Amino acid sequence: MLGLKLETDPRWVNIVESDIEEVLTDHAWCEQKAATNAISIITLNPEYTDLVTDLLVLAQEELEHFQMVHDIIKKRGYKLGRERKDSYVNELYKFMNKGGNKLQSMVDRLLFSAMIEARSCERFKLLSKKVEDPELAKFYHDLMISEAGHYTTFIGFARKYGKGIDVDKRWKELVEFESIVIKNYGKDSTIHG
């Protein structure tokens, strides 16, 4: 479970299946936000050449995922709706250290990003196993693998550059915080909802 303490209730898939158009629109915007997040981390930390290189690839993959979701939306005769607010991500953001030094801020941003990827991966795995639609089951299986790689990238860089910071302790604190936050979700036809 990528270190997550609480699994998503499988009944969430029934909610998703009741409004596929909504979840696809929400998912598309999640991918766009993930690409934007990677670019933001690059912008704030350009001196880390390997981080910039890997996050450029990650941002491109997220944009490709955005396009893939949009292609499914079009194929099904839906339209991409307006961007959705992601309350789960906004609540997770509250955990981040706002007053620390630049290194602490970078580590927290990387761990925050790893957490979102971990939860998305967990949700995609559940969809790949339980959704009745074969096209979506395969699609979410493939994305699950990609999200797991993104999780590894973010947490790997947090550990690599978090010198003097107990990154594993900070990760455990975030996992604990996320387990409280996620209890309020799994009731809407959104990726994190």
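This report describes how several helices pack in a predicted model, and then turns to the empty space that the model contains.

## Helices α5 and α6

Two packed helices are described by the angle between their axes and the distance between the axes. For α5 and α6, the axes come within 8 Å and cross at roughly 160°. Because angles over 145 degrees count as roughly antiparallel, this crossing makes α5 roughly antiparallel to α6. The crossing of these two helices is left-handed, and their contact comprises 21 nonpolar, 5 polar and 3 charged residues.

## Helices α2 and α6

Helix α6, which covers residues 134–161, also packs with helix α2, which covers residues 20–44. Here the axes lie 14 Å apart and the angle is about 20°. Angles under 35 degrees count as roughly parallel, and α2 and α6 are therefore roughly parallel to each other. As α2 passes α6, the crossing is left-handed.

Which residues in α2 and α6 meet? On the α2 side they are I20, L24, H27, E31, N37 and I41, while on the α6 side they are L136, F139, Y140, L143, E147 and F154. Sorted by class, the residues of this contact divide into 8 nonpolar, 2 polar and 2 charged.

## Helices α6 and α7

Helix α6 packs with α7 as well, at an angle of about 135° and with the two axes 9 Å apart. Angles between 115 and 145 degrees fall outside the parallel, antiparallel and perpendicular ranges and count as oblique, and α6 and α7 are therefore oblique to each other. The crossing of α6 and α7 is right-handed.

In this contact, α6 contributes Y151, I155, A158 and R159, and these residues meet V167, D168 and W171 in α7. The residues of the contact divide into 5 nonpolar and 2 charged, with no polar residue.

## The largest pocket

Rolling a probe the size of a water molecule over the atoms shows where empty space is left. In this model, the largest pocket holds about 370 Å³ of space. It is lined by 21 residues, of which C30, K33, A34, V89 and I116 are the closest to the centre of the pocket.

Which helices each supply at least two residues of the lining of the largest pocket? They are α2, α4 (residues 87–93), α5 (residues 102–130) and α6. Taken by class, the lining of this pocket has 9 nonpolar, 6 polar and 6 charged residues.

## The largest cavity

The structure also holds 1 cavity of 30 Å³ or more, and the volume of the largest cavity is about 30 Å³. The residues that line the largest cavity are F95, M96, D108, L111, F112, R170 and L174. Two elements, α5 and α7 (residues 167–181), give two or more residues to this lining, and α5 gives the most, with 3 residues.

By class, the lining of the largest cavity has 5 nonpolar and 2 charged residues, and no polar ones. Helix α5 thus appears in both settings, since α5 supplies at least two residues of the lining of the largest pocket and gives 3 residues to the lining of the largest cavity.

Methods:
Residues numbered from 1 in each chain as written. Predicted model: local features only at pLDDT ≥ 70, side-chain atom pairs only at ≥ 80, totals over all residues. Heavy atoms only, no water. Axes fitted to C-alpha atoms, helices over the stretch in contact; angles between N-to-C directions. Helix = DSSP H or I, 4+ residues; strand = E, 2+ residues; numbered from the N terminus. Parallel < 35°, antiparallel > 145°, perpendicular 65-115°, else oblique. Left-handed = near helix turned anticlockwise from the far one by under 90°. Contact = heavy atoms within 4.5 Å. Nonpolar A, V, L, I, M, F, W, Y, C, P; charged D, E, K, R; others polar. 1 Å grid on protein atoms, 1.4 Å probe; cavity = no way out; pocket = protein on both sides within 12 Å on 5 of 7 lines; lining within 4 Å. Points joined across faces, edges and corners; volume = space filled by probe spheres on them.
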